[in-house]
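Biologist: Hello! Could you walk me through this structure, one question at a time?

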Amino acid sequence: MLKGDAQLNQSLEKAVESRRSAEAARKARIFNTRLRVMGLDLDSLNQQVKEKQQHENIEKLQSEAFESLIKSQDEALLQQDLNEKEKRRGLQKDLSHYWATQQRLDTQDGGWKNFQQGAFDITVPEAKLGPASMQKFQGEDVNWKQMRKEQVKMTERDLKGQMDENIRRREREKHRDMLENQEMLHQNQEQLHQDALEEEQRKAARIALYSFNQALAAERAESLKEQHRREERENFAEMWHTMTSDMLTECADAGERDVGGGKPPQILPDRWKGMRPEQLRSFQREREQQCQEKQRQSDAAKIEEAAWNLQQLTLSRKSEEQEIGQAEKMREQRIQLDRHNMQLTREQQAHQEYLNRKLYTNKPTKDYFHQFNTGSR
């Protein structure tokens, strides 16, 4: 056997042994009756609680360290910001002092004047000075003072011209504004005159309309009076005709008109004064006959109604007797059904007692339970 094979076998044996030990520990943990019945693994739970407390403590320490670091960084940044602000204030103060003392308007060309007044006196003519003398450079203007004066004069002339132009422009604007104001005033006066003319025209139109309306009102009032007088004449003529005609008389012949041919007279509704005495007596006789006929019909109807009520009473009594018989029959059936249910209940109880006391009396042994769950998988 080679050396490599021996080492491989040893590693396999170790792996098998580790799996066996893990399986045995798993069986001991799973098939522990106490833990299975109680449903708790106290050791594992305690271990989990300890691990959780350790984890919380570590997180708390990390959080405190992080907060202290953040706080220190914030304090350092705040102090750095304050230092920078203080430094900028000092620089600004020094710069303002330098501007106020060294760069004033009356001393802007002081260095050049000091240089010209003898700080460095030139004793050698300018024509003999070379490049190494550092006194004259290429591109410099020797007559800069005269040019500066000319520039100042030109600037003054330009400024004076600008001032004159501004004055002339303001004069032109003032003149234009005055002309615009005069034009606006003239337009306002014309508008006022036009408005006054329009108001006079409207006033004349209103007066003419008022006069026309007054004439129409007078004409309408006169026409109403004439219509009222005509209606009064017509009403009076109608009243006189009514009073003098046969309409208000008591003559019954005025309401009838003979047509001849053996036919009854024709009734005139607008002149009819009522029925004659013989017509009234005939009407009374017919009405009495109708009342008697109606009384006979009412008596016959009452007799028929009494007979029908008696028949309905007889039928209702028969139906009540039938309902009582049916209710008695249903009660007897319910009593029989209750008795049958009680008999079935007693039989069921006897059967259950037989099963509990005689049939299911043997209890299972430990061997019966040990045949289950023999493996952890």
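Modeller: Gladly! Keep in mind that this is a predicted model. Let's begin with a pair of side chains, Glu 293 and Arg 296, that meet in a salt bridge with an N to O distance of 2.2 Å.

Biologist: Which helix do Glu 293 and Arg 296 both lie in?

Modeller: Side chains of opposite charge can pair when their charged atoms come close. Glu 293 and Arg 296 are three residues apart, about one turn of the helix. Glu 293 counts as partly exposed because its relative accessibility is 35%. The helix that holds both Glu 293 and Arg 296 is α6, residues 277–359.

Biologist: How far apart are the closest N and O atoms of Arg 89 and Glu 86?

Modeller: Arg 89 and Glu 86 are three residues apart in helix α3, so about one helical turn separates them. Glu 86 is partly exposed, with a relative accessible area of 49%. The two form a salt bridge, and their closest N and O atoms are apart by 2.5 Å.

Biologist: Which residue forms a salt bridge with Asp 81?

Modeller: Look in helix α3, residues 42–102, four residues from Asp 81, about one turn of the helix. Asp 81 is partly exposed at 32% relative accessible area, and its partner is partly exposed at 37%. The closest N and O atoms of the pair are 3.9 Å apart. The partner of Asp 81 is Lys 85.

Biologist: Which residues are linked with Glu 198 in a network of salt bridges?

Modeller: Here the linking takes in four residues, Glu 198 being one of them. Its companions in the network are Glu 199, Arg 202 and Arg 206.

Biologist: How many salt bridges does a search of the whole structure find?

Modeller: We have already met some examples, including Glu 293 with Arg 296 and Asp 81 with Lys 85. Searching the whole structure gives a total of 13.

Biologist: Let's turn to the surface. Is Glu 232 buried, partly exposed or exposed?

Modeller: Glu 232 is found in helix α5, residues 144–244. On the surface, Glu 232 gathers with Glu 231, Glu 234 and Glu 238 in a patch of negative charge. Its relative accessibility is 43%, and a value between 20% and 50% falls in the middle class. Glu 232 is therefore partly exposed.

Biologist: What is the charge of the surface patch formed by Lys 145, Lys 149, Lys 153 and Arg 157?

Modeller: Take Lys 153, which is found in helix α5. Lys 153 counts as partly exposed because its relative accessibility is 45%. Lys and Arg count as positive, so the patch they form here is positive.

Biologist: How much accessible area do Ile 267, Trp 272, Met 275, Leu 280 and Phe 283 have together?

Modeller: These five side chains form a nonpolar patch on the surface. Phe 283 has its place in helix α6, and Phe 283 is partly exposed at 41% relative accessibility. Together, the members of the patch have an accessible area of about 460 Å².

Biologist: Now the whole chain, please. What pattern does it follow along the sequence?

Modeller: The secondary structure comes to seven helices and two strands. Read along the sequence, these elements follow the pattern α-α-α-α-α-β-β-α-α.

Biologist: What share of the residues in the chain is buried?

Modeller: The chain has 377 residues and exposes about 35700 Å², with carbon and sulfur atoms supplying 54% of that area. A residue is buried if its relative accessible area is under 20%. Buried residues make up a share of 2%.

Notes: Residues are numbered from 1 along each chain as its sequence is written. This is a predicted model: local features need pLDDT of at least 70, side-chain atom pairs count only at pLDDT 80 or more; totals for chains, interfaces and linings use all residues. Side-chain values use heavy atoms; hydrogens and water are left out. Patches are made of residues with over 30% relative accessible area and no salt bridge: like charges are joined within 9 Å, nonpolar side chains (Val, Leu, Ile, Met, Phe, Trp, Tyr) within 5 Å. Accessible areas come from the Shrake-Rupley method with a 1.4 Å probe; for residues, only the protein chains shown count as cover. The place of a charge is taken as NZ of Lys, CZ of Arg, CG of Asp or CD of Glu. Buried means under 20% relative accessible area, exposed over 50%, partly exposed in between (1.4 Å probe, protein chains only).
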